[in-house]
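Q: I've got a model open and I'd like to learn how to read a few of its features. Can we go through them one by one?

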Amino acid sequence: MTTPCQVLIVDRNRALCEALSGLLLGAGYRVECLTGQASLQAVRDLAPEILVIDVPDASGPETELLKRIAQQRGAPHLPVIVTTPDPALEFELLDVFDVLPKPLNEERLLEDVALLAQRRAKLQDYASMSEVDLALFRDFLIAHSGLHFERRNALLLERGLRRRMVAVRAASYQDYLAYLDRYQESRQELKKLLGLLTIGETYFFRYQAHFQALAEVVVPEIVAQHRGRRRLRIWSAGCSTGEEPYSIAMLLAEHFPQLADWRVDILATDVNKRSLGVGRAGRYGPRALRATESVYREKYFHPVGERFQLDPRIVGMVRFGYFNLLTDPLPVTSGEEFDLIFCRNVMIYFQPETTASVVARLSQALRPGGYLFLGHAETLLHVNHAFVRAQHGGGFYYRLQPASPGRVSQPEPRASAQPTPFASAPRLVPPPSGATAAPTPPSLPALPALPALPPTAAPAAAGISQYYAAAVAAFEAENFKTASQNYAILLRHQPDHVGGLVGFGFLLANTGDYAAALDYCQRAQAVDDLYPEAYFLKGLIRELEGLPAEALLEYRRTLLLDMSMVITHYRLSRVFQRLDQNRDAIRELRNTLRILERQAPDRVIPYSGGMSGAALATQCRRELAQLEGPEAGRPVPRAVRMEKEGR
């Protein structure tokens, strides 16, 4: 005869125990209760088979107990059911079987306990995913979310799966797949899994050039067009923890007071419900504000301990909701399309065909002439010809062209597949004594409009240095307009300033003008052919043009000049991954981490798009996890063995 399953109820004041004991005893289960602040040891001493715990709030001792239960090797497979007055915890506590909001649904509780009682056998350690398992989950996730996993990043998928498999006590990958398929909606299991598979670091006013374009071009045009209907609709698709839609809301509140009596709708969506919960709360740490100008900090944020609470008026402007870009019905009706869609750094998770499908859906949600903003690393080249590319303030974005008889939409200009010709190959060593001096570069093409200069004819050397420092600081803060102005002033007075030439080249490359950027690179190398950043810029351009072999060459030249330039090691690893040279990619990721370990974690990494050392290290570890899985069991070359052994 099977012994009845033992259920332990933990709560602060015994109210939950009194409410549920009779119900569970009547269903044939054994029941124990712990009241007050229960310890991990007290739970383990009672050896329950199922734990039901009341969690009044996310910051209480119960949450810490749940973390310790999940992390303890002695009790990793204890299934947990949480009761709480805060339904948002369902997507915060992803290591528990179920989260039941109050007032309790007793039928759901009994169903939970019955399901766990059926799975009470001790779980065995899970083996690595087989090719069959990977194919099954890959097909399921592509069909239901658009996320793409293959063998090279299977380890990331495997780790997310295992956490949910332990939580629901699945016996195998295919057992969990059956559970996922059955309960993806009724128990929101798919949303819980996606919360473990999508990760995004963001901050307020990321990509300043985009917000400059919003303030100076896009929103004024929309306001002029919609004066009659007084309606503005904006969608932040893939909003993560909310910094992007709130940045848009603050910009509108600060610069467009005429919208006060308009109907302004800002929709923010994501597939990660934990992130949506953070967004709704509107409370952020200081790193999220690292690119926020003082006018916004002082007016719209209020310190609460070590964090910052966003003004309720701004929070009230944004409506958060779960949305799957691939499968959910579009949040529009005819005549109610969006004027503006932000979908930045979302499609990096997708295959090309999925990207094309998502862009097509976004075009259906935009009004004719509406705007689409993508991440700097994303492009519509060869993806969708209904959009044309626009440029402003050092950044680019897209506009959906209205359909009209006889008009064919122009695709985004195709980047040249051929490298820009050079008069001679760049040198990596100084010219021999007595060699002919490098030819004087031709005059620079027209620079952007310059602000007024001081009355003196030319700034002193100290002034030149100040312009250069200001340009570099503005570039790292993604304030490309200010960077452009300072570089232009610098180059007007010192046309052969190598740092200025390369810096301005980076600005041009950021706008997609690769030919002009390469021209500035060439001019810099004519002045100083031992300047590492010039070779790095050339490598980056070649990578963006889809020429990985040429990018590889330029990145290697960069490292011959400066082995400590951390972003070069990281970009080199990305090129190796693109060429399916995973062992080399692993080596460069490890090199990146070694250098980062010697630097302050909060230091912004040059040419990384504003990433801190800590954020880049996290990204490197995630990519290592993706790449190292397939290496297990394969012969390791002698050079790699020596590297691992420290020889």
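A: Sure, and keep in mind that this is a predicted model. Let's start with contacts: skip the close sequence neighbours and see what is left. Beyond residues up to four places away in sequence, D133 touches Y173 and Q174.

Q: Where does D133 lie?
A: Look for the helix that holds the residue. D133 is part of α5, which covers residues 131-144.

Q: Is D133 buried or exposed?
A: Go by relative accessible area: under 20% counts as buried. D133 comes out at 9%, so it is buried.

Q: How does R280 read by that yardstick?
A: Between buried and exposed, the latter meaning over 50%, there is a middle class, partly exposed. R280 has a relative accessible area of 46%, so it is partly exposed. This arginine sits in helix α11, residues 273-281.

Q: Which residues is R280 in contact with, leaving aside neighbours within four places in sequence?
A: Y246, V315, F320 and G321. Take G321: it is 41 residues from R280 in sequence, while their C-alpha atoms are 9.5 Å apart.

Q: Now pockets. What volume does the second largest pocket have?
A: Its volume is about 700 Å³.

Q: Which residues of its lining lie nearest the centre?
A: Of the 26 lining residues, those are L66, K67, A70, D95 and R163. By character, the lining divides into 14 nonpolar, eight charged and four polar residues.

Q: Which element gives the largest share of that lining?
A: That's α3, with six residues. Both α3 (61-71) and α6 (154-168) supply at least two each.

Technical notes
Residues are numbered from 1 along each chain as its sequence is written. This is a predicted model: local features need pLDDT of at least 70, side-chain atom pairs count only at pLDDT 80 or more; totals for chains, interfaces and linings use all residues. Side-chain values use heavy atoms; hydrogens and water are left out. On a 1 Å grid over the protein atoms alone, a cavity is a set of points where a 1.4 Å probe fits but cannot get out, and a pocket is an open set with protein on both sides within 12 Å along at least five of seven lines; lining residues have an atom within 4 Å of a point. Grid points are joined across faces, edges and corners, and a volume is the space filled by probe spheres set on the points. Helices (H or I, at least four residues) and strands (E, at least two) are DSSP runs, numbered from the N terminus. Ala, Val, Leu, Ile, Met, Phe, Trp, Tyr, Cys and Pro count as nonpolar, Asp, Glu, Lys and Arg as charged, and the others, Gly among them, as polar. Buried means under 20% relative accessible area, exposed over 50%, partly exposed in between (1.4 Å probe, protein chains only). Contact means heavy atoms within 4.5 Å.
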